[in-house]
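The exercises below ask you to read a protein chain from its overall build down to single residues. Try each task with the structure open before you turn to its solution.

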Amino acid sequence: MIERVHHIDFVVRNLDEAVAKYSQILGRNPRTRERLEYRGVELARFEVGNIWIILVQPIRDDSPVKAFLDQHGEGFFHIAYKVTNVVDEAQRIKGSGIGLANEAPRPGVEGWKLIDLAMEDTAGVLTQLIEEDG
């Protein structure tokens, strides 16, 4: 079962500028800033209550995030829901007729395990299920 919203990502063209603005908006600095070479992104994570607000900037032209940014511009990128067991929850959702973009979990930061739902079944919203490690 979905436990809560885990994180919301926003795609940005310039991470330094976005971090400065979101630090003012949220009244805090990002808790972490990371470069994920395997995903072709750099990101900054703000912890707000029990939800992460994540700013994502593509760092390579072949990054899927770059393609998204080119097509849609800056702004909302995706939402992720925390679950206890990402594989079990994905199978439950799949059994109800909702498609999965990936059947096997892919890695995220801090050992997060992610499965994406098919956008055609989520009203065009990139939606993830996430299991935290530990």
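**Exercise 1. Two residues in loops**

In which loop is the place of Glu-110? Find also the loop that holds Ala-123, and decide whether each of the two residues is buried or exposed.

*Solution.* Keep in mind from the start that this is a predicted model.

Step 1. Following the chain, we find Glu-110 in the loop between β6 and β7, while Ala-123 sits in the loop between β7 and β8.

Step 2. A residue counts as exposed when its relative accessible area is over 50%. Glu-110 has a value of 51%, so it is exposed; Ala-123 has a value of 78%, so it is exposed.

Step 3. Turning to the backbone, we see that phi of Glu-110 is near 55°, a positive value in a residue other than glycine. For Ala-123, phi is near 60°, and here too the positive value belongs to a residue that is not glycine.

**Exercise 2. The chain as a whole**

Describe the secondary structure of the chain, and work out how its radius of gyration compares with the globule rule.

*Solution.* Step 1. Counting the elements gives 3 helices and 8 strands, and read from the N terminus they follow the order β-α-β-β-β-α-β-α-β-β-β.

Step 2. The radius of gyration is 15 Å, which is close to the 14 Å given by the globule rule for 134 residues, so the chain is as compact as a globular protein of that length.

Step 3. The C-alpha trace spans about 45 × 30 × 25 Å along its principal axes, and 45% of the 134 residues are buried.

Step 4. If we take the contacts with a separation of 6 or more, 52% of them are between residues 24 or more positions apart.

**Exercise 3. The sheet and its helices**

Which order do the strands take in the sheet, and which strands stand at the edges?

*Solution.* Step 1. The 8 strands form an open sheet with mixed pairing, in the order β2-β3-β4-β1-β5-β8-β7-β6.

Step 2. At the edges stand β2 (32–36) and β6 (106–107), each of which has a single partner strand, so one side of each is left without a neighbour in the sheet.

Step 3. At one of these edges, β6 runs antiparallel to β7 and is joined to it by 2 bridges; in one pair of bridge partners, Pro-107 is matched with Lys-113 of β7.

Step 4. Helix α2 (residues 64–72) packs on the sheet, where it touches β1, β3, β4 and β5, and its direction makes about 85° with that of β4. Helix α3 (residues 86–95) also packs on the sheet, touching β7 and β8, and its direction makes about 145° with that of β8.

**Exercise 4. Strand β8**

How many of the residues of strand β8 are buried, and in which sense does β8 pair with β5?

*Solution.* Step 1. In β8 (residues 127–131), 5 of the 5 residues are buried, so the strand is largely enclosed by the rest of the structure.

Step 2. Thr-127, Leu-129 and Glu-131 point one way from the strand, whereas Gln-128 and Ile-130 point the other way, and all are buried.

Step 3. With β5 (residues 75–82), the pairing is parallel and extends over 4 bridges, and Ala-80 has Gln-128 as its bridge partner in β8.

Step 4. With β7 (residues 113–116), the strands run antiparallel and are joined by 4 bridges, and Ile-115 has Leu-129 as its bridge partner in β8.

**Exercise 5. Gln-57 and Asn-14**

Is Gln-57 buried or exposed, and which backbone nitrogen lies 2.5 Å from a polar atom of its side chain?

*Solution.* Step 1. Gln-57 belongs to strand β4 (residues 51–58). Its relative accessible area is 17%, and because buried means under 20%, Gln-57 is buried.

Step 2. The backbone nitrogen in question is that of Leu-15. Leaving aside residues up to four places away in sequence, Gln-57 touches several residues, among them Val-12, Asn-14 and Gly-40.

Step 3. Asn-14 lies in the loop between β1 and α1 (15–26), and at 30% relative accessibility Asn-14 counts as partly exposed.

Step 4. The side chain of Asn-14 has a polar atom 3.1 Å from the backbone nitrogen of Asp-16, and a polar atom of this side chain lies 2.9 Å from the backbone nitrogen of Glu-17.

Technical notes. Residues numbered from 1 in each chain as written. Predicted model: local features only at pLDDT ≥ 70, side-chain atom pairs only at ≥ 80, totals over all residues. Heavy atoms only, no water. Buried < 20%, exposed > 50% of the residue type's maximum accessible area, 1.4 Å probe, protein only. Polar contact = N/O pair within 3.5 Å; in protein donor to acceptor, adjacent residues only side chain to side chain. Contact = heavy atoms within 4.5 Å. Pairing = 2+ DSSP bridges. Axes fitted to C-alpha atoms, helices over the stretch in contact; angles between N-to-C directions. Rg over C-alpha atoms; globule rule 2.2 N^0.38 Å.
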